[in-house]
Amino acid sequence: MRQIVLDTETTGLYANKGDRLVEIACVEINQRRLTGNTRHFYVNPKRDSDPAALAVHGLTTEFLSAQPLFSEVAQALCDFVQGAEVIIHNAPFDISFLNAELQRLDRPHFDTYCHTVTDTLKNARERFPGKRNSLDALCDRFHISRAHRTLHGALLDAELLAQVYLAMTCGQEELLITELAAPPVASTWSTATQASQALMGTQAASLIVIEATPEEKAEHTALLSF
């Protein structure tokens with residue numbers, strides 16, 4: 001099944017209070033490899049970004065005012081994710097914004113287009129309970145470089161998340177491969193035992209047995225009678 005790693009940037013934190021999407025990015029994975037097939041959209045939200053959000057993504061109102069509306073990119077987005085597993089970090093957040101935008105166009109919810117949605121934040125919390133599981137923290141944990149990242153951008157974050165996802169889901173396969181490749185302990189013990197027994201057999205074959213003389217046997221019997 002195709003996998004699509006998706007990330008968004010928004011004007012603020014609350015889709016139900018009128019905040020809008022400003023950027024959407026999708027990165028394709030096939031057979032656990034990045035294919036290079038992507039979709040990237042800047043979106044005109046027709047409103048200003050909250051100052052805190054602007055500090056995160058750096059997409060100004062002036063820049064976004066020249067970009068297409070969500071209605072102009074919706075079909076391309078839905079076509080790209082059609083039937084795929086969509087992988088998102090903190091999926092409820094992004095899905096709430098996608099659903100709000102689709103609802104404005106009287107379109108079905110986002111999850112009706114894709115096969116399933118996987119939340120990597122949920123998976124990370126299950127695997128690393130009690131630890132920080134932000135995208136930045138996971139990149140550090142899996143030694144994925146963020147040196148070229150100054151602001152949050154949807155495409156860059158989707159590419160980083162794709163690498164995190166592949167790293168986070170490869171451990172079980174590596175363990176299985178290791179277990180299959182390693183020789184069984186019993187087999188190693190058996191080989192060593194056989195070698196030891198063979199050596200002992202060789203030594204036993206070369207021993208010279210000296211029988212006691214009749215006189216020595218008589219003395220031994222006399223000693224035991226006391």
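**Exercise 1.** How many of the 15 residues of α7 are buried, and is α7 largely enclosed by the rest of the structure or not?

*Solution.* The model is a predicted one, in which local features need pLDDT of at least 70 and side-chain atom pairs count only at pLDDT 80 or more, while totals for chains, interfaces and linings use all residues. Residues are numbered from 1 along each chain as its sequence is written, and side-chain values use heavy atoms, with hydrogens and water left out.

Begin with the cut-offs: buried means under 20% relative accessible area, exposed over 50%, and partly exposed in between, with a 1.4 Å probe and protein chains only. Eleven of the 15 residues of α7 are buried, so this helix is largely enclosed by the rest of the structure. Among them are Leu 156, Asp 157, Tyr 165 and Met 168. The cover over the buried residues of α7 includes β1 (3–10), β3 (33–42) and α5 (120–127).

**Exercise 2.** Compare the expected span of helix α7 with the distance between its end C-alpha atoms.

*Solution.* The expected span is 1.5 Å times one less than the number of residues. For the 15 residues of α7 (residues 154–168) this gives 21 Å, and the end C-alpha atoms are 20 Å apart, which agrees.

**Exercise 3.** Explain why Cys 114 is too far from the closest cysteine sulfur for a bond.

*Solution.* A disulfide is a pair of cysteine sulfur atoms within 2.5 Å. The closest cysteine sulfur to that of Cys 114 belongs to Cys 78 and lies 9.4 Å away, too far for a bond. A search of the whole structure finds zero disulfides. Cys 114 counts as buried, at 6% relative accessibility, whereas Cys 170 is partly exposed, at 21%.

Key:
Helix = DSSP H or I, 4+ residues; strand = E, 2+ residues; numbered from the N terminus. Contact = heavy atoms within 4.5 Å.
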